[in-house]
Amino acid sequence: MSADDVKSEPRSVAADIKRKTKEVLQSREHANNITDILETAQSEEDVVTAASLSALQKIFSTLLGRKEVYRGRLKGLEEETADPKKQYSRWLGQCYMDTLDILLNRLSSHENSDIKELALLALLKLVTAEGKHPTSKSGGDQSNFPLRLFQLIIDKLMSSEADQSAVIGRFQDYFQYDDIRLFTFVSLHKNLRMVTKEFTQHPPDTYLHNVHTLLSQVNMPGEGDELSSLYVAPTDPDAECRPKQLKEQRRAFTNAWLSFLKNKLPTSLYKQVLLTLDQAVIPHMSSPKLLIDFLTQSYNIGGAISLLALNGLFTLIYKHNLDYPDFFRKLYALFEPSVFHVKYTARFFHLTDVFLTSTHIPAYLAAAFIKRLSRLSLSAPVSALQMVLVLISNLLRRHPNCQVLVHRSGGEGLGSDPYDANEPDPAKCKAMDSSLWEVKSLQSHVHPDVSQAAVLLGKPLAPLETDLSQYLELQTSEMFDKDLTSQSDQVPLEFHVPKGLFGPNDQFYNIWATEPPTKKQKTVN
Amino acid sequence: MKHKYTSKADFVRKNKKKAQTDVKSNPFEVRINKQKHTVLGKKLRRFDKGMPGVSRSKAIKKRKATLLQEYQQRGKRNQFVDRRLGENDPEMTLEDKMLQRFAMERKTHHEKAGAFSLNEEEELTHFGQSLSQIEKFEEPDSDSEDDATGKLSGEYVKEAHFGGFLTKKTSKDSLEEKSDKPKSRQEMIEEIIAQSKQRKHERQHQKEQTEDLREKLDQQWAEFQTSLHFNKKSQPKEERVRPKADDYDIMVRELGFEIKAKASDRLKTEEELAREEQERLQKLEADRQLRMKGLTQEDIREQQQNRHVSADDLDDGFDFIRPERLQLAYKDGKLLLPEGKELIPSTSDDKPIRRKYHSEADGSEADQSEDEDEGHSEEDNSDQSEGEGSDQSEEEDDDDDDGSDLESEKSAEDVSGEEEEQEEEEEDKDESEEDGEEEREDKKGEEAKAMEKTKERKAIAEAAQTELPYTFKAPESLKDLMELMEDQSYDRQLIIINRIRKCHHPSLAEGNRTKLQNLFSILLEYFGKLANQSPVAMEMIDGLTIHLYELAQQSPGPAADTVQTVLKNKYHKFDSVCQRKGRAVYPAVDTLLLLKLVSVMFPTSDFRHSVVTPAMLFMAQILTKCPVTSGRDIACGLFVCTLFLQYVSLSKRFVPEVINYLQGLLYLAVKKESGKAVDVEVVPPFKHNSAQGNLLVLQEEDGSTSMSIKPLPLDCLSKSPIQDTDTDDFRICATHATLHLTNMFANMYQNLPAFHEIFSPIRDLLSKHLLLPAYPREVQDGRSQFLQLMKGDHSQTTYCPLQYEKLKPKPLKLYEPKFEEGYNPERKIKGSRKQKEKERLLKMHKREMKGAVREIRKDTQFLARQQLQEQMEKDAERKRKVKEIMHHLSSQEGECKQIAKKKIKIM
């Protein structure tokens, strides 16, 4: 096959490849066609590449079945060429290695993601083929899983140059097989270790993104699920092998995650990881406490990441008996004016509400939080204020001792607010001596709903708590629409007759030049 | 069959009337409910009097006809349909039915019998007479044979002999004959009417005759009289001429006949007018205050209503507050009044009470009330101000040209009377002069004048070619309006709008109100369009604002709806960007000016307002979501802050967003050294370490201290401002404006308990970081003023611990009867028409429901009775049969015994 033909007609070439494949499979005479196909696999035409890749896969899965391919160590065997049959099989072994090279190459770096996927599928087919007819060496235990090949696939999949998310998406379908899942984690763990060694500083973002994509797409089996679906059938189907043990799966999962989290993650990825950590990762870990280091570190970073780490930390404290010193002090420190403006405000306040649910929290602590919240409310946007006020009222209900903040009988006037906003320790901030003057100020807030909510705090509280959840996600647009629709049948109008858009007694007068420039310059429209 | 009834119920209903008339009103049937108090002349209510027996029997009869029938038919699949003639016709009497049936029978019989008769047509005769007649043997006197005497009776003779000529029936007889039959009521009435008519006619006739006679007599008397006069009276007396009336007499007469001026209302003095205006404004202001607190008129009314506690009231926690009553007391001969209440001035010299209702507008209020009228008239006369002469001539032209316009023109004039009256007068004058030209051409002076006039008019007419027409069609869309406005100056555009409004005044035609509402939305659109132009045509916008305000006054609801829709669209556009990116750019000038317009049209101080509250939310959103990246952004932000200042200037409500924003702007003015963060909190949209962190920092260190502060031009709000905002001038102005606004807000919020906490970040910023040495004096003054305010206040404010609002002590309940002024027992329900309608329907529904339930209950009772009856009948039957059988058996037994006895005997 000459290069000219390849260029001339890709379709006919593809057909030709098909014919050749058939011939190879029919008799050994045409075995030389394999080299041709290997050559065409390097072609630049996608159609030709695709055809040759699938042809190679077909040929070798059949040949592997026939046990004609030599799969031992190839080095040092070149000289011995006595037996033609052996020689043929060695030659086939050589070709098989070339094929794998080509396929892995295509998988790691090809512009067309279709080809990548095709290479991946071909490789996975070869994995089955190898698994069916294992060499004596492969796989230490009963499972005939070709670990070596699989490791190669994972290595290539976790490319540090290209975004592999499309291919990984295709790979996701295979996670239903328990062995694939397990060995993915195992290989990933190995791969991560290797890469971390390789890049002394920290691995590139693309690589980490790829790893995260792969990790986040795994569906871990639950406690009671039966683990029996295997991609590569073992020799003895009833034997206990690693993929069938949940413990093994979990251990591999934990190792993979931990080695992933050891790396320095880019911020966006960091946030993503923290978001999914408590739902997708912690329940499946063999021992979630191993995450403590990671979570404490994240919690100490501050800002949005702290808010998010709170979630995972909460799960650990709540479900896994983590004793975290200074937790509330750190939580207290998280309350800053910017807390209302980040994306995860609702989640944060939900968690705060949960943390402060306990009535066993000391009153001074609750008072500190209440006072802090009310101080923050002075600079909070409208949409968050109702939530804050409801949270305050709920806290006051839970901790009746704190009601001195809104009602202190017989107190005398003070020169200033005893509360120290700059004190980081909630125990020392003297919140209990203070009062919620901020809430009192909010009673004259510009929005009627907020004002009403604040007025409610000025009266003896009703015994039942208000449901916070409906205010957590309150958007300004929702409030806007609600205000628009709450229309009475008559609308009051302004009774001062205007003399123009800006009157002489307007507040605009001193600040803006509202006078029309000059009467003489009449512009004709 | 005449009628066919769909159901038995129909049938019965139809018969109802008849049945009612059948029942004679038997006084023993009537039952009257006992009245507690007998009131003379009071009519009994519908349910107080009735005939229970009659109605019960009627109901039973009805049930028998309907329910019983159904009950009896209940298990049957097929039913008998009564097809007998007239059976279902209630109108027919039994006799009629029989007759009809007989006729039918005969007919069918005849048809059947005649089916095979061959010689139907032939008629047998004998001596030319039909045999069929002869066969009947009918002789007129056949019955006379029965007479024993054998003689003809006298009556017969009278009638039959001599052709009956002897006894021609007299009219009297016939009348009698008629009267034999009982006259129907209808006939009687007709008779009476006929009689009365006849009598009337006769009377008239008589009267005419006497009239004729009298006239005749008069004539004769006149003739006769002349002859009499001739004898008695002297000639000179007859011819005496009345003395000629002199001027004085004429004057007196004239004065006597002159139309007297009708008594009219006294013209109000200026003071009174001012006072009325004052009172009106005070009332409106009081309303506004209430709305600011979030109370509506209804709430207040409710509060007042709630005050009363009836004797039946339970002690269930509703407060009862006695209305404050003024205690009448005198001191030194003067009426004592509690604080805050004044006597209404009784004499006109007293200065009208002028309440100071807000500090800012205090001075302006007086002029405003006076100006208001002026403003109106100015507004109305705006087309006159255009130049009277040209207008008049133009109007003439109009009148001449087309008549169709004239009508609408006239009607328009009716409304805006004053203004056009003048014109009309002058027009009339013109016309009369025109007439005069034709008539008195010989008078030279006049002629010359007229010549002059015509010349003048010609010149004006030429000018009028370019003039505006007086009537306009109401524009359907902005495009229509733009067609009208094309190539017109702004002044003229305003005139056009004014005329459109006048032509379509709501009182002129039916659909005008909607047209004006449409005009409102179009003008609003136009407003937005104008606002987006650069430079902004402020004069036109001002004019439009006035129009929009007045249109909104005419129909508040739809205007509010329109503004709401526009706001909503703008907001959602803004919000969608926010949702997508998390931040947004400052909206265009039209949105900003629209927000300003909202404050002009609607009261911004209301606790909750369907337009203003959303508008404020929008503004707050702008201040929190839009990052500041350029001078224009700063200008926009400052504009919105100023808007907020205006919105809350009366209600003094707290807006955290504005304070955050002002603080952020001041932070922008702080000079930041690289690598060293300023330890001041900033709230988003402002950030530490942002690229635009030095936007307001002066570029040149010195040399600007002597600069004069100018107010910011509106122009810098537009996206492509003419003036550069990247200058130190702008920065200084903006900083000054920020400080000014901060001071205004600080003054406003001084009384808030958390005043210090609110402003402490700004204080820190100003006292530590923003020392403003290189700024002009005004700016520095602003800073020191603020710091002074914060410092001075610090010592004064005492932080009193909060306490719950004290509950008002519960007063003792006084169970006194409720007296209502002007109580009208017939008008019980108060409330809107909707409420009344609902109440009425509910009542109706309840009544019907009760009726239906009662009917159903009675039906079941009836059925139960029926079943019981059947059961009893069955039982009786069974008893009878048993008895019979027993009887039979016993007799049998007896016989048997007898036979046995006999047998024994025989044996």
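The following exercises, with worked solutions, examine the contact between chain A and chain B in a predicted model.

**Exercise 1. Determine how many residues each chain gives to the contact, and how much area the two chains bury.**

Step 1. Count the residues: chain A supplies 81 residues and chain B supplies 104 residues.
Step 2. Turn to the area: the two chains bury about 8300 Å² between them, and carbon and sulfur atoms account for 64% of it.
Step 3. Identify the residues of chain A that lose the most area to chain B: these are A:Phe495, A:Leu501 and A:Trp512, which together make up 10% of what that side buries.

**Exercise 2. Find the salt bridges across the interface, and describe two salt bridges that join chain A to chain B.**

Step 1. The rule finds 3 salt bridges across the interface of chain A and chain B, whereas a search of the whole structure gives 24 over all chains.
Step 2. Consider B:Arg608 and A:Asp449, whose side chains meet in a salt bridge at 2.7 Å, N to O.
Step 3. Consider next A:Arg375 and B:Glu757, which form a salt bridge with their closest N and O atoms 3.7 Å apart. This distance falls inside the cut-off of 4 Å.
Step 4. Place the second pair: A:Arg375 belongs to helix α17 (residues 363-377) of chain A and B:Glu757 to helix α29 (residues 755-769) of chain B, so the pair joins two chains.

**Exercise 3. Describe the polar contacts and the make-up of the side of chain A that touches chain B.**

Step 1. Across the interface, 21 residue pairs are in polar contact, with both residues at pLDDT 80 or more.
Step 2. List the elements that give two or more residues to this side of chain A: α18 (382-398), α19 (437-442), α20 (448-457), α22 (476-485) and β1 (512-513).
Step 3. Select the element with the largest share: α22(A) provides 7 residues.
Step 4. Sort the side by class: it has 34 nonpolar, 33 polar and 14 charged residues.

**Exercise 4. State how β1(A) is joined to chain B.**

Step 1. Strand β1(A) is linked by 2 bridges to strand β7 (residues 712-713) of chain B, and the two run parallel.
Step 2. Within this pairing, A:Trp512 stands opposite B:Leu712 in β7(B).

**Exercise 5. Assess the confidence scores of the model and of chain B.**

Step 1. The model has an ipTM of 0.73 and a pTM of 0.59.
Step 2. The average pLDDT of chain B is 74, and 66% of the residues score at least 70.
Step 3. Residues 169-178 of chain B have a pLDDT below 50, and this stretch has 1 contact in the model beyond near neighbours in sequence.
Step 4. Residues 338-441 of chain B also have a pLDDT below 50, with 114 contacts beyond near neighbours in sequence.

Methods. Residues numbered from 1 in each chain as written. Chains lettered and ligands numbered in written order. Heavy atoms only, no water. Contact = heavy atoms within 4.5 Å. Buried area = accessible area lost by both parts, 1.4 Å probe. Polar contact = N/O pair within 3.5 Å; in protein donor to acceptor, adjacent residues only side chain to side chain. Helix = DSSP H or I, 4+ residues; strand = E, 2+ residues; numbered from the N terminus. Nonpolar A, V, L, I, M, F, W, Y, C, P; charged D, E, K, R; others polar. Pairing = 2+ DSSP bridges. pLDDT = per-residue confidence, 0-100.
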